[in-house]
Amino acid sequence: MEKLATSFELKTAPGKIPVNYYITQSSSVSEYLLVCFAELNDAGEPLDYLGEVGKTSYDQNRLFVMPPVKEYSKITRAQYEQAISELVESIAGKLKVKRQNILIIGYGESATVALCFGMRFHYKHTLVGDPKMTKNHYPFYQNKVKMPLKGSQRIDKLFSQLYIEDYSRPQVYFYSGSSSINYEEEIKYTLDALKNKQVLRRVCRKRNLGVAGFPIFLEKELHERMNQLACDEIIAWQYDNKVLAECALPEYLAEDTSIEFAYYFYKIGEKDALHKTKYQTSPQYRYTAEDGGSYFVKVFIKRGEEIITKNSEKIRITVAEDF
């Protein structure tokens with residue numbers, strides 16, 4: 001996991017509990033706000049758990065929230081969460097983002113904070129990966145008289161007493177890339193608690209993959225949560241001397257009849273497309289290849305003003321000759 005670029009300027013939210021944050025606004029008007037709780041490395045620097053999602057995949061408003069200021073060593077979890085809630089609501093108001101379009105995100109220790117925060121304040125969507133106890137960078141103050149016993153120091157105990165309203169029930173999307181040992185000792189109890197509260201919407205288990213799998217999980221979930229145009233895969237194969245291509249859409253777009261496709265067929269080594277189509281509603285198309293060789297298909301996918309492109313893998317075409 002790389003260090004997050006440090007070309008940003010931290011701001012401090014006004015109030016009794018100081019909260020450091022920075023915000024990046026979308027280049028165009030966006031209906032969404034991604035609230036990302038910062039995960040830090042051993043040097044106390046924010047890590048880039050968003051991966052390519054934060055760099056190129058999304059032009060969305062993003063609010064990055066830092067852990068409690070070290071000088072304030074007696075900040076409780078409840079105080080910190082309340083200060084963050086006030087900050088989020090203030091920024092969402094300025095950006096004119098509706099509350100149901102605020103998405104809460106975290107990985108590692110920050111996932112635990114995001115999980116508790118999202119459920120306590122009933123935000124509609126919380127996306128977390130590999131939550132763990134907040135011992136290093138989110139050391140909230142606890143009354144020593146009421147300190148929990150060692151056996152009860154699990155993540156699920158942090159939110160087990162939270163009351164969830166039926167009319168605004170939050171939804172949690174959970175990624176687990178941890179080892180089998182960690183899963184058995186920690187994660188499975190967290191998942192059971194989320195199921196019992198009826199807030200667990202989806203689980204993605206990628207054993208031993210760790211943070212490397214989180215950006216992929218996040219990209220797919222954010223696409224769906226924001227109903228964005230996306231394509232899972234361009235499948236290309238040979239049938240006789242024809243190149244067949246199919247655009248595989250994610251399930252949430254499968255019934256969307258407003259999506260159109262334009263197919264460009266390329267031969268490896270040639271700059272221009274051998275064949276192009278206009279936009280059409282069919283996710284499949286076939287092209288008759290005149291020569292053998294290696295080909296790939298580029299598909300333009302359009303819905304209203306949204307346009308994305310995706311390429312197929314290279315395929316080898318053999319054309320039978322008549323004698």
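**Exercise 1. Classify Cys116 in this predicted model as buried or exposed, and state how many disulfides a search of the whole structure finds.**

Solution. Cys116 has a relative accessibility of 3%, and because buried means under 20% relative accessible area, Cys116 counts as buried. Cys36 is treated in the same manner: with a relative accessible area of 0%, this cysteine is buried too. The remaining step is the search over the whole structure, which returns zero disulfides.

**Exercise 2. Describe the largest nonpolar core, and say which element contributes its largest share.**

Solution. Begin with the chain, where 46% of the 323 residues count as buried and the secondary structure comes to six helices and 16 strands. The largest nonpolar core holds 46 residues, and those with the most contacts inside it include Leu33, Phe37 and Tyr80. Helix 2, spanning residues 77–95, provides the largest share of this core, with eight residues. Next take Leu33 and set aside its neighbours within four places in sequence: its contacts then include Leu63, Val88, Ile91, Leu95 and Ile102. Finally, apart from this core lies another one of 20 residues, among them Ala236, Leu253, Ile259 and Phe265.

**Exercise 3. Determine which residues form a nonpolar patch on the surface with Trp237, and how accessible Trp237 is.**

Solution. Trp237 belongs to strand 9, residues 233–239. Together with Ile235 and Tyr239, Trp237 forms a nonpolar patch on the surface, and the three have about 280 Å² of accessible area together. The relative accessibility of Trp237 is 34%, so Trp237 counts as partly exposed.

**Exercise 4. Work out which parts of the chain are linked by the salt bridges Arg202–Glu221 and Asp256–Arg303, and how accessible each partner is.**

Solution. The count of salt bridges comes to ten. In the pair Arg202 and Glu221, the closest N and O atoms are 3.0 Å apart; the bridge links strand 8 (residues 200–205) with helix 6 (residues 214–225), its partners being 19 residues apart. Arg202, at 30% relative accessibility, counts as partly exposed, whereas Glu221, at 5%, counts as buried.

For Asp256 and Arg303 the closest N and O atoms are 3.2 Å apart. Here Asp256 sits in the loop between strand 10 and strand 11, while Arg303 lies in strand 14, and 47 residues separate the two. Asp256 is partly exposed at 25% relative accessibility, and Arg303 is buried with a relative accessible area of 11%. Arg303 also forms a salt bridge with Glu306, with the closest N and O atoms 2.8 Å apart, and Glu306 counts as partly exposed at 31%. As a last step, salt bridges that share partners join Arg202, Glu221, Glu224 and Arg225 into one network.

Methods:
Residues are numbered from 1 along each chain as its sequence is written. This is a predicted model: local features need pLDDT of at least 70, side-chain atom pairs count only at pLDDT 80 or more; totals for chains, interfaces and linings use all residues. Side-chain values use heavy atoms; hydrogens and water are left out. Helices (H or I, at least four residues) and strands (E, at least two) are DSSP runs, numbered from the N terminus. Buried means under 20% relative accessible area, exposed over 50%, partly exposed in between (1.4 Å probe, protein chains only). A nonpolar core is a set of buried Ala, Val, Leu, Ile, Met, Phe, Trp, Tyr and Cys residues joined through side-chain atoms within 4.5 Å. Contact means heavy atoms within 4.5 Å. Patches are made of residues with over 30% relative accessible area and no salt bridge: like charges are joined within 9 Å, nonpolar side chains (Val, Leu, Ile, Met, Phe, Trp, Tyr) within 5 Å. Accessible areas come from the Shrake-Rupley method with a 1.4 Å probe; for residues, only the protein chains shown count as cover. A salt bridge is a side-chain nitrogen of Lys or Arg within 4 Å of a carboxyl oxygen of Asp or Glu. A disulfide is a pair of cysteine sulfur atoms within 2.5 Å.
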